[in-house]
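Student: I have a model open and would like to go through it with you. Can we start from the general picture and then go to single residues?

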Amino acid sequence: MQQSPPERTGQDERIRVYWRANSRLILVLFIVWLLAGFAHPPFAKALNSITILTGFPLGYWLASQGSITIFVILIFVYALIMNNIIDRKYGFEEEEE
Amino acid sequence: MSQETYYTRVSKREVKLLQQRLVRIYGAFVIGLLLSTTILAVLEVNLGLSRTAIGYAYLLLTLLLYAAIGILNFTRRLDEYYVAGRRVPAFFNGMATGADWMSAASFISMAGSLFVLGYDGLAYIMGWTGGYVLLALFFAPYLRKFGQFTIPDFVAARFPEKGRTVRVVAAICAIIVSLTYVTAQVTGVGIIMSRIVGLPFEVGVFVGLAGVLVCSFLGGMKSITWTQVAQYIILITAYLIPVTFLSAVRTGVPISELMYGRALQEITRIEQQLNLPSYIEPFKWALSNASALASIKQINDATGLNLPSPPPITVTDWRGFPWEFLALTFCLMAGTAGLPHILIRYYTVPDPKEARISVGWSLFFIYLLYFTAPAYAAFSRWEFLTDVIGKPINQLPGWVDAWARTGLLSIRDANGDGILQWAELTINPDIVVLATPEVAGLPYTIAALVAAGGLAAALSTADGLLLVIATAVAHDIYAKTINPNATYATRFLMGRVMILVAAVVAAFLAFPRLALIVQLVAWAFSLAASTFFPVLLLGIFWKRANAWGAISGMIGGLLACLIYMWGNYLFPTFNLFGLSHLSSGIFGMAVNFGLQVGVSLATAPPPREVQQMVDEVRIPVGEMVTVPGAAPAPGPAPQPGADD
């Protein structure tokens, strides 16, 4: 990059704080993902004694519908927060032509 | 201006216009599909159109459609051939990824596996969806920003100290994983063809492959993408219609995903009455080497070799523990995020922000099928338990007889009482999806539509995989390693020739119909999890990772995975916490991460330009300026002369 040193440092700093904000969001969503995918199966047998909706045993429902619905939502949440809030806040918006 | 630009930037407006056009085209296609299905069904019911005619109608119409899309998208540009010109809108890339991802196995066999495995099968549902979250958080936007052609391109640039070695190792891994996977698809194509129109298996394989080739040979990724969108529409329509009708017939509500709760409840009630093992109870699996023994026998019989075979072993000590379920789920997730044919789909969107959204659409379109698969399994089980089991053998429903003739279902009245018991019934799991139209009392047209859907699922996955194999050979091994001075025309020709070669190799691998192939596909996830996943993750998120770390990590991870896999496959007594060979990726991943961190820290940090490249990859706008090791620098080029 053909930039003078101070500009370069400013740019580096901007990338650093942006990356920290991104990493923090990733970490939060990653933990939600871990919980959604791996916290309920060990207790599936006990959860199955609870019945929900049209007769689903809760343990079975979480693994067949609950977790995967959360997965879809997580991805859209990440994309929307990044594209509309974090990118904007740190000035990495689309350069419109 | 040369012919090749790595990256012709498209404006937001262009993408928007393209998107509007696509919505109109594919909207018309959906209407056409529903109309022609209705017309065929009406013709069948009222005029007695024969089953063969309907089968051929679906086969010809769909194959012609794929061929037409292939021909219309003929291209002479390398960026269109390899990455569809990077102008695929997020929504449509999501659909294409859905078709790319969902194979014959997802379409036909998954519901059947759930039918057999009960709760334990849900590891596949969660594993094959959860991986997309990893893809979205860790890979997709960064790969898009990096923006070249292949995954080996990325690792070669990220680890330039040993760029060539890393590239070749990664390319070979990609070829092995994709070739086993595509062989399974080709087998699926042959089986479905023989079922729709009664062609012999081998002929079916060739007709199907011809369809794939017309498409990928002419237009590469560009035509593959637009074919995959059409294939997604066919496969999801074909998947949702039968079970929706079945749900309406059995429960009065045409929402199978909601109503199969009632099926689960009925199943449990009947199981208790008949003293059968519970469908919803978790962690019932045992470790066994039965499939290893069967594979060894098959290979010995076919080749005349005399491979030694271990004694049959079954280990049941770990029943009731969740470890295998959790480990398998995790391996499938990490493997999904590391599969090259899925990763490269995110090179085809216009920019990193679109890539983020596109992963969401991908999983949404996959979700529609995976959300429904357990409903198929539950309704089928309910059907079997109420209308088949415990009935006099001479009064079974008509569809049972029809499927018994195909060999997918067999009945043996072991105790001679004329009543069918659970143990007297042998079911091929594929019947769950294939027989549902008949069980729901739908005309044969719908059954043919289901077969066309399975064909679409197999062909779309095969398309994507063949392109990965061809690119790995033509681009990574030939153009980037063996002959960096190859002309544009030679590189293009190589790309086309390699698609042909890969297709022929896959066909010959498919002919013997080895049980081992199915096993290899299941292992592909552990292999990808042990090799690509950790290297990509640390490559993007840890600037200190260097080439020595990456190489030792990939090799160590692969070895650890293979050792556990083979040890456990042959001798199930060799296990930790009851983990099976299917989850051996856990060990590969652990070794890979450990070695990568350890070896990287013990050796010199990567050059400064790598750090700069990583910084650039992390910014979601603009173009790449630094691409280490990509000499002669291809540059991120709309400017003239930025070619190789």
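Tutor: We will take confidence, the chains, their contact, the core and then some single residues.

Student: Fine. What scores does the model have?
Tutor: This is a predicted model, with ipTM 0.92 and pTM 0.92.

Student: What is the mean pLDDT of chain B?
Tutor: The mean for chain B is 89, and 96% of its residues reach 70 or more. Among its elements, helix H23 (residues 585-602) of chain B has the highest mean pLDDT, 97, and helix H16 (residues 398-406) of chain B the lowest, 83.

Student: Where does pLDDT stay under 50 in chain B?
Tutor: One such stretch is residues 1-5 of chain B, for which the model has 13 contacts beyond four places in sequence. Residues 631-644 of chain B are also below 50, and that stretch has 25 contacts in the model beyond near neighbours in sequence.

Student: What do I do with coordinates where pLDDT is low?
Tutor: Where pLDDT is low, the predicted coordinates should not be read in detail.

Student: And the mean pLDDT of chain A? What is it?
Tutor: For chain A the mean is 89, with 89% of residues at 70 or more. Helix H3 (residues 58-89) of chain A has the highest mean among the elements of that chain, 96, and helix H1 (residues 5-38) of chain A has the lowest, 89.

Student: How many helices and strands are there in chain A?
Tutor: Chain A has 3 helices and 2 strands, in the order α-α-β-β-α along the sequence. Of its 97 residues, 29% count as buried. Among contacts in chain A between residues at least 6 apart in sequence, 50% join residues at least 24 apart.

Student: Same for chain B: how many helices and strands?
Tutor: Chain B has 24 helices and 4 strands. The radius of gyration of chain B is 25 Å, close to the 26 Å that the globule rule gives for 644 residues, so chain B is as compact as a globular protein of that length. Its C-alpha atoms fill a box of roughly 80 × 60 × 50 Å along the principal axes.

Student: What share of chain B is buried?
Tutor: Of the 644 residues of chain B, 58% count as buried. Of the contacts in chain B with a separation of 6 or more, 82% come from residues 24 or more positions apart.

Student: Now the contact between the chains. How many residues does it take from each?
Tutor: The contact takes 42 residues from chain A and 42 residues from chain B. On the side of chain B, the elements that give two or more residues are helix H6 (122-146), helix H10 (256-274), helix H12 (323-337), helix H14 (352-370) and helix H24 (608-618).

Student: How do the residues on that side of chain B divide?
Tutor: They divide into 28 nonpolar, 7 polar and 7 charged.

Student: On to the core. Which residues touch the most other members of the largest one?
Tutor: In the largest nonpolar core, which has 237 residues, these are A:Ile75, B:Ala136, B:Leu235, B:Leu466 and B:Ile469. Helix H18 (residues 444-482) of chain B gives the most to this core, with 24 residues.

Student: What does B:Ile469 touch?
Tutor: Leaving out residues up to four places away in sequence, B:Ile469 touches B:Ile175, B:Ser178, B:Leu179, B:Met498 and B:Ala502.

Student: Is B:Ser178 buried or exposed?
Tutor: B:Ser178 is buried, with 26 other C-beta atoms within 10 Å. B:Ser178 is found in helix H8 (residues 163-197) of chain B. Beyond four places in sequence, B:Ser178 touches B:Pro340, B:His341, B:Leu465, B:Val468 and B:Ile469.

Student: Different topic: why is helix H7 of chain B largely enclosed?
Tutor: Of the 8 residues of helix H7 (residues 151-158) of chain B, 8 are buried, so the helix is largely enclosed by the rest of the structure. The buried residues include B:Asp153 and B:Arg158.

Student: Last one. Which residue that is not a glycine has a positive phi of about 55 degrees?
Tutor: That is B:Ala84, in the loop between helix H3 (78-83) and helix H4 (90-101) of chain B. B:Ala84 counts as buried, with 26 C-beta neighbours inside 10 Å. B:Arg86 also has a positive phi, near 50 degrees, without being a glycine. B:Arg86 is in the loop between H3 and H4 of chain B, and counts as buried with 23 C-beta neighbours inside 10 Å.

Definitions and conventions:
Residues numbered from 1 in each chain as written. Chains lettered and ligands numbered in written order. Predicted model: local features only at pLDDT ≥ 70, side-chain atom pairs only at ≥ 80, totals over all residues. Core = buried A, V, L, I, M, F, W, Y, C linked by C-beta atoms within 7 Å. Buried ≥ 20, exposed ≤ 12 C-beta atoms within 10 Å, placed from the backbone. Contact = placed C-beta atoms within 7 Å. Nonpolar A, V, L, I, M, F, W, Y, C, P; charged D, E, K, R; others polar. Rg over C-alpha atoms; globule rule 2.2 N^0.38 Å. pLDDT = per-residue confidence, 0-100.
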